[in-house]
Amino acid sequence: MTKLLITNARILDPGSGLDTVGSLLVEDGRIASLSGAPAEGAETLDAGGAVLCPGLVDLRATVGEPGAEHRETIASAAEAAAAGGITTLCALPDTEPALDDPALVEFVIRRGEATGSLTILPWGAATKSCAGKELSEFGLLREAGAVGFTDGARAIGPARTMRLALSYARAFGAMIVQHPEEPSLAGTGAATEGELATRLGLPGIPAAAEAIQVARDIALARLTGGHVHFAHVSTAAALDLIREAKAEGLRVSCDTAPPYFDLNETAIGGFRTYAKLSPPLRREEDRLAVVAALKDGTVDAIASDHTPWDADDKRLPFAQAAPGGAGLATLLGVTLARVHAGDLALPEALALLTSRPAALLGIEAGRIAPGAPADLCLFHPTRAWQVRDGKLPGKAQNSPFDGRALEGRVIGTWKRGKRVFG
Amino acid sequence: MSGFSFPILPTGHLLAIEGLEPPHISALLDLAESYALLNRQGKTQRDLLKGRTLINLFFEDSTRTRTSFELAGKRLGADIVNMSVSTSSVNKGETLLDTAATLNAMNTDLLVVRHGQSGAPALLAQKVDAAVINAGDGTHEHPTQALLDALTIRRRRGRLEELVVAICGDVLHSRVARSNIHLLSAMGARLRVVGPPTLIPSECARLGVEVFHDMRAGLEGADVVMMLRLQKERMTGGLVPSSREYFRFFGLDAAKLAVAKPDAIVMHPGPMNRGIEIDSAVADDPARSVIGEQVEMGVAVRMAVLDVLSRRLRRNA
């Protein structure tokens with residue numbers, strides 16, 4: 001029977017509102033007590049006043065397996081996740097092959113378990129091969145462990161397919177996650193349409209492509225009673241629609257990712273392909289709207305949107321470079337920048353990374369409470385570090401935050417009571 | 001023709017007009033003007049780039065720009081190699097940066113690049129030791145075209161500032177338009193763009209131009225009418241319904257040109273689509289069309305650019 005007593009920590013459980021300086025006892029991989037009573041035979045760790053919160057729950061990441069192991073493996077993603085304080089991660093299904101078969105879902109879950117540091121919960125493919133045509137086997141995939149359904153970085157385009165997906169998923173209590181971008185309008189665009197794209201001579205994606213997809217899918221959620229979740233929402237117009245749909249009582253939720261509240265389109269200046277993302281970085285007004293939506297609760301979770309690429313995928317002319325950025329190691333630090341800027345209180349910010357995504361998925365994670373799994377993240381809220389290409393944990397180095405100075409660094413991560421980082 | 005007190009192209013490359021300051025542009029135009037004079041006198045400076053290697057790396061077909069650079073380089077005595085995509089290993093899957101590494105190993109001094117992707121020359125410039133000259137990248141910029149246009153205008157009208165310049169046609173896909181907008185507005189000209197809304201880029205007005213969708217309104221009182229090439233695929237892509245409709249509303253003919261200043265000049269970067277964006281009667285009118293002079297100035301401007309970018313090499317020699 002292994003016991004660990006973490007003392008002198010600012011214990012923060014956003015789900016319950018607990019925010020206290022004290023001790024936490026871990027026993028057999030679960031949180032045994034928060035009483036602070038001395039524990040016989042326990043290994044003791046003095047946290048030195050650092051913040052102890054639930055291990056982060058990342059709603060959305062690409063892990064490279066199966067099919068893109070040269071970019072990232074589950075083991076390398078787990079290393080980066082542990083360094084970022086992430087203990088549960090939902091893997092996207094648009095892999096090669098796509099996660100449209102129960103055996104593949106089970107494979108990814110098993111590979112996650114084998115890391116010993118990271119629980120991987122796969123999203124199932126919404127359509128076979130994520131090709132946007134025929135629905136995949138929601139029931140069998142759900143039984144195998146899929147947390148919900150999405151075509152990942154591809155929008156579910158035809159309205160009929162989306163209608164059927166939202167409708168059929170109700171039978172299995174699952175949500176459909178949409179990449180909110182109207183495909184015919186987005187076309188082969190590489191940057192947000194506007195002055196900067198015009199100056200750089202890059203094909204544009206109008207910001208309206210997001211609002212159009214969101215408006216349509218809200219109407220389909222209303223029609224079907226299904227649960228639609230919009231991933232990496234990045235525009236003011238889409239957030240307004242989601243806010244209204246929630247007020248109406250529809251089953252609509254959304255997440256965003258750190259680039260959309262920390263960076264704006266100017267990051268692509270000089271054809272910087274590491275800042276080429278999908279959806280593309282937006283103008284400053286949209287970034288501010290994302291911050292406002294984090295504050296007022298419209299956004300349900302902050303996901304890493306981790307998309308690993310190797311140098312060859314990015315060292316190309318901008319329009320040909322692959323979209324997406326590495327995000328596991330920077331998820332907490334970039335979110336804390338909103339706390340340091342005074343936009344979010346620390347518990348609010350942490351809720352978006354822990355209890356709220358866990359509640360959305362309906363999983364036992366993202367909480368500090370007696371009996372809960374001892375998935376923990378210990379971080380120093382003001383310790384400074386710099387994001388550096390080539391120095392990030394894990395394989396993927398394509399961070400849009402390359403060069404960014406951050407305050408707030410993970411100093412320890414525990415998975416089921418076992419220290420996996422720090 | 002040396003002794004400027006500041007580096008004319010401080011980055012050591014010519015990747016874009018955007019970012020160049022008016023004194024740099026004026027200095028380049030002055031130097032080009034003197035090369036134009038030498039060319040007309042039949043004099044050459046074959047020792048200036050002697051022993052230097054210039055590679056014309058063209059990933060897109062081009063006859064006139066490549067020939068113009070080749071002639072400019074030869075008049076200055078450079079050794080010139082033409083590489084076009086159809087004959088290079090790029091078609092065998094070699095990446096742009098592999099190509100860059102290969103050229104670097106050959107000790108190339110000057111690299112002239114045309115590429116279908118915006119930003120490709122900038123990417124190459126990060127990876128090669130040679131001075132890179134953008135000879136047109138995607139829909140981004142075509143700096144030497146804007147310089148030769150400006151030189152042509154200056155010679156014809158004596159100045160650039162306060163001139164009303166109307167750039168007409170497919171501005172959306174035009175690197176020539178972007179470079180000209182940056183250059184001419186930096187030099188104080190009053191820029192207009194004229195074309196159907198589907199061929200005008202988003203927020204174009206923020207580049208400092210006035211946008212018109214009616215040719216007569218856009219050409220009213222213009223000193224310079226610059227026509228752009230309309231590529232046939234724009235019609236198949238649905239941006240323009242047909243060539244006859246385009247010519248009717250946006251093609252330049254004598255009737256539309258009549259509202260411009262009586263001595264307005266007509267320009268075209270070539271190659272022209274006669275009967276689509278320009279009527280032959282206008283294109284071939286020696287009183288209005290300066291298209292031939294544009295080609296002549298092209299060689300002079302490229303000589304000036306090669307001269308300036310090789311100064312560092314000559315100093316170090």
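Here are some notes on this predicted model, covering two annotated spans, a helix and its surroundings, the empty spaces and one loop glycine.

1. **The annotated span in chain A.** UniProt, in an unreviewed entry, lists residues 49–235 of chain A as "domain: Dihydroorotase catalytic". In the model, helix makes up 37% of that stretch and strand 18%. Its end C-alpha atoms sit 38 Å apart.

2. **The annotated span in chain B.** Here the UniProt record, again an unreviewed entry, gives "domain: Aspartate/ornithine carbamoyltransferase Asp/Orn-binding" for residues 162–308 of chain B. The model shows 37% helix and 14% strand over this span, with 28 Å between the end C-alpha atoms.

3. **Helix α4 of chain A.** It is worth rotating your view to look along this helix, which covers residues 159–169. Its buried residues are Thr161(A), Met162(A), Ala165(A), Leu166(A) and Ala169(A). Viewed down the axis of α4(A), the buried residues fall within an arc of 130°, so they line one face of the helix. The background is simple: an α-helix has 3.6 residues a turn, so residues three or four places apart point the same way. As for what lies over the buried residues of α4(A), the cover includes α3 (138–144), β11 (176–178), α7 (208–224) and β14 (228–230) of chain A.

4. **Thr224(A), a residue of α7.** One helix in that cover, α7 of chain A, contains Thr224(A). Is Thr224(A) buried or exposed? Its relative accessibility is 8%, so Thr224(A) counts as buried, the cut-off being under 20%. Setting aside residues up to four places away in sequence, Thr224(A) touches Arg163(A), Leu166(A), Ser167(A) and Arg170(A). Leu166(A) is also one of the buried residues of α4 described above. On the polar side, a side-chain atom of Thr224(A) lies 3.0 Å from the backbone nitrogen of Gly226(A).

5. **The largest pocket.** Its volume is about 1,200 Å³, and 45 residues line it. Nearest its centre are Gly138(B), Thr139(B), His173(B), Ser174(B) and Arg234(B). Both chains supply helices to the lining: α6 (195–200) of chain A, together with α2 (64–75), α6 (175–186) and α8 (233–236) of chain B, each give at least two residues. The largest share, three residues, comes from α6(B).

6. **Enclosed spaces.** How many cavities of 30 Å³ or more does the structure hold? There are four, and the largest has a volume of about 110 Å³. Residues lining this largest cavity include Arg64(B), Thr65(B), Gln145(B), His268(B), Gln294(B) and Arg302(B). Two or more lining residues come from each of α2, α5 (143–157) and α12 (291–316) of chain B. Of these helices, α12(B) gives the largest share, with five residues.

7. **Gly417(A).** To finish, have a look at the loop between β18 (405–415) and β19 (418–421) of chain A, where Gly417(A) lies. With a relative accessible area of 24%, Gly417(A) is partly exposed. What does Gly417(A) contact once its neighbours within four places in sequence are left aside? The partners are Val26(A), Gly29(A) and Ala374(A). From the same part of the model, the C-alpha atom of Glu27(A) is 7.3 Å from that of Gly417(A), although 390 residues separate the two along the chain.

How values were computed
Residues numbered from 1 in each chain as written. Chains lettered and ligands numbered in written order. Predicted model: local features only at pLDDT ≥ 70, side-chain atom pairs only at ≥ 80, totals over all residues. Heavy atoms only, no water. Buried < 20%, exposed > 50% of the residue type's maximum accessible area, 1.4 Å probe, protein only. Helix = DSSP H or I, 4+ residues; strand = E, 2+ residues; numbered from the N terminus. Arc of directions from axis to C-beta. Contact = heavy atoms within 4.5 Å. UniProt positions renumbered as here; feature names shortened; annotations may be inferred. Polar contact = N/O pair within 3.5 Å; in protein donor to acceptor, adjacent residues only side chain to side chain. 1 Å grid on protein atoms, 1.4 Å probe; cavity = no way out; pocket = protein on both sides within 12 Å on 5 of 7 lines; lining within 4 Å. Points joined across faces, edges and corners; volume = space filled by probe spheres on them.
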